[in-house]
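The following exercises are to be worked with the sequence and the coordinates at hand. Each task is followed by a solution in steps.

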Amino acid sequence: MSGSGNLDGGLEDEQETLVLEKPAKKLKYHRHTQEQINELETCFKEWPHPDEKQRLDLSRKLNLEPRQVKFWFQNRRTQMKNQLERHENVMLRQENDKLRVENVAIKDAVRNPICNHCGGVAMLGNITIEENQLRVENAQLRDELSRICGLAEKFLGRPVTPLASPIALPRPSSNLELEVAGNGFGGLSSGGTSLPMGPLTRPGMMGVEKPFNSSVFVELAVTAMDELLRLAQADSPIWMTSLDGGKETLNPVEYMRTFSPCIGLKPSGFVTEASRETGIVMINSLALVETLMDGSRWAQMFPCVIAKASTTDVLSSGIGRTRHGALQLMHAEFQVLSPLVPVRQVKFLRFCKQHGEGLWAVVDVSIDTALDGASINSFVNCRRLPSGCVVQDLSNGYTRVTWIEHSEYDESAVHYLYRSLLSSGLGFGALRWLATLQRQCESIAILLSSTVPCEDHSVLTQAGRRSLLQLTNRMRDNFCAGVCASTVRMWNRLHVASLGEDVKVMTRKSMNIPGEPPGVILSAATSVWMPIMHQQLFSFLRDERQRSKWDILSNGGPMQEMIHIPKGQTSSNCVSLLRLNVS
């Protein structure tokens, strides 16, 4: 019985069975109208298994008995099941016919073997299982080599000749060299260079090695590098300048037309943030590249931006004892100093490449799979699209840095007070990264210089200066950890209903931590907007003469600066030791 008709006796399906009380009685047919059938079909698409309430509502709406509605849905489900079974049978028959044809072709090839060298009839001998396995693996290696050569040709712009003779080993060598070059940045070209890759097998459980296809990560890294260099071009139409001629914003239409998504489509509910900044930094390109490729040094260079950073795996350490061609898997936690902005945890590939004399590029791109092919995590609040920097040495020992930040993040997890700040790029944008880099490099250069004038009001040795700076670094790190609650410190969140959601109260235990007394540490943090310019507020807070107006620990007394250590060219960038002047 089709779905357009119905019997007072229903058909069986997997969930419901109907037993007729009088099987000998003649069944009465009832034909539904076309309007009733259309309404039933519409409801069937939404809920094929209606409950009793839905059946009653539908029966009143269509002027049918509830049993008629129930039997119609039973018959329709049975009809749908039969149609699916028929479709599967057709597909299985077609697959069976295809396998039968292939089987006949294989049998013909076995009966009449042809020699690959001379084209004549081949004489089959006794082939061992080991030799047959070697031939199969050899064919797989040739396919892999052809695919890698095709990838290299794409970025070299010239043909790449594979090995002249077939590979005779059952496994590839421990180092696979892949040539990548061509940068598209400013018309520069560095020629062909080789990228040595790590082993193609990764250790698994019980010491058993598992195959690992590193070329997938190589292809992703090279694609991200190409996108970064095109985004860094000064005259790129992908960027739009604001009306005041200052801030640059990404042109989404031009970006989508130029690039294909290299890590998949944007997740639902995520928003895009993109920014670009160029500036002069007091550091040479080699030192900056070494800092970026070292997880701990990278985190120290951006202390208020990076809460935690580590290198989880090194796929390539570089060529010729340099960072050219270095490729590694990293994990980082990015922070804005506010409890209202969640910490961004990102796992990404970092690829470094030299494109000319004194010209380097470092690119990051998120990945959603680990080296063993498994998913890294089930939920991420941020994805790092091709981002990084292009570094070019200048003649005066400085470096021109073009920084690009491009990410997608879940805006629903951000407090409404900070959504406009993040969308403008001031939270995690290129301006913050570049400004932090300039400030840190300037501080390092001044602290290492022997010509820095001493402004201390007391005698301070070099060792004492170093100890005081280490103390301030620990103070800064503890402050950031107490505000943002990253995984650097294991905090326990306390929910205080009277304080509301804008205040974050946390506790942690301090046991055997250098520089901290043992016990329980309490941290309470919040963020507020104030109707005053940020520079005026900063000047008020750093003035020791005004400290008694806001610092309760001063007991209302004036403060005196005992030690002043400059960390920049401006007086506001410094470390001061204050003393309560009690007279």
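**Exercise 1: Strand β13 and its partners**

Strand β12 (residues 344-356) and β13 run antiparallel and are joined by 8 bridges. The model is a predicted one, in which local features need pLDDT of at least 70 and side-chain atom pairs count only at pLDDT 80 or more, while totals for chains, interfaces and linings use all residues. Residues are numbered from 1 along each chain as its sequence is written, and side-chain values use heavy atoms, with hydrogens and water left out.

Task. Describe the pairing of β13 and state how its residues are covered.

Solution.
1. Strands are DSSP runs of E of at least two residues, and helices are runs of H or I of at least four, both numbered from the N terminus. Two strands pair if DSSP finds at least two bridges between them.
2. On the β12 side, Leu 349 stands opposite Val 365 in β13. The hairpin of β12 and β13 has 2 residues between the strands, and in it Gly 358 takes a positive phi near 75°.
3. Strand β15 (residues 387-393) also runs antiparallel to β13, with 6 bridges joining the two. Here Asp 364 is opposite Ser 387 of β15.
4. Buried means under 20% relative accessible area, exposed over 50%, and partly exposed in between (1.4 Å probe, protein chains only). In β13 (residues 359-366), 8 of 8 residues are buried.
5. Both faces are therefore covered, with Leu 359, Ala 361, Val 363 and Val 365 on one side and Trp 360, Val 362, Asp 364 and Ser 366 on the other, by the cut-off for buried residues.

**Exercise 2: Two arginines in strands**

Task. Which side chains make polar contacts with Arg 276 and Arg 384?

Solution.
1. Arg 276 is in strand β9 (residues 270-281) and counts as buried because its relative accessibility is 6%.
2. A polar contact is a pair of N or O atoms within 3.5 Å; within protein, one must be able to donate a hydrogen and the other to accept it, and residues adjacent in sequence count only if both atoms are side-chain atoms. The side chain of Arg 276 makes such a contact with the side chain of Glu 248 (2.8 Å). A polar atom of the Arg 276 side chain also lies 2.7 Å from the backbone oxygen of Gln 233.
3. Thr 402 is 126 residues from Arg 276 in sequence, yet their C-alpha atoms are 7.2 Å apart. With neighbours within four places left aside, the contacts of Arg 276 (heavy atoms within 4.5 Å) include Trp 239, Thr 402, Trp 403 and Ala 430.
4. Arg 384 belongs to strand β14 (residues 382-384) and, at 5% relative accessibility, counts as buried. Its side chain makes a polar contact with that of Glu 405 (2.9 Å).
5. Not counting residues up to four places away, Arg 384 touches Asp 364, Val 365 and Ser 366, among others.

**Exercise 3: Positive phi in loops**

Task. Are Asn 63 and Arg 321 buried or exposed?

Solution.
1. Asn 63 is in the loop between α2 (52-62) and α3 (66-111). Although not a glycine, Asn 63 has a positive phi of about 60°. Its relative accessible area is 70%, so Asn 63 is exposed.
2. Arg 321 lies in the loop between β10 (306-316) and β11 (327-334), with a positive phi near 60°. With a relative accessible area of 91%, Arg 321 is exposed.
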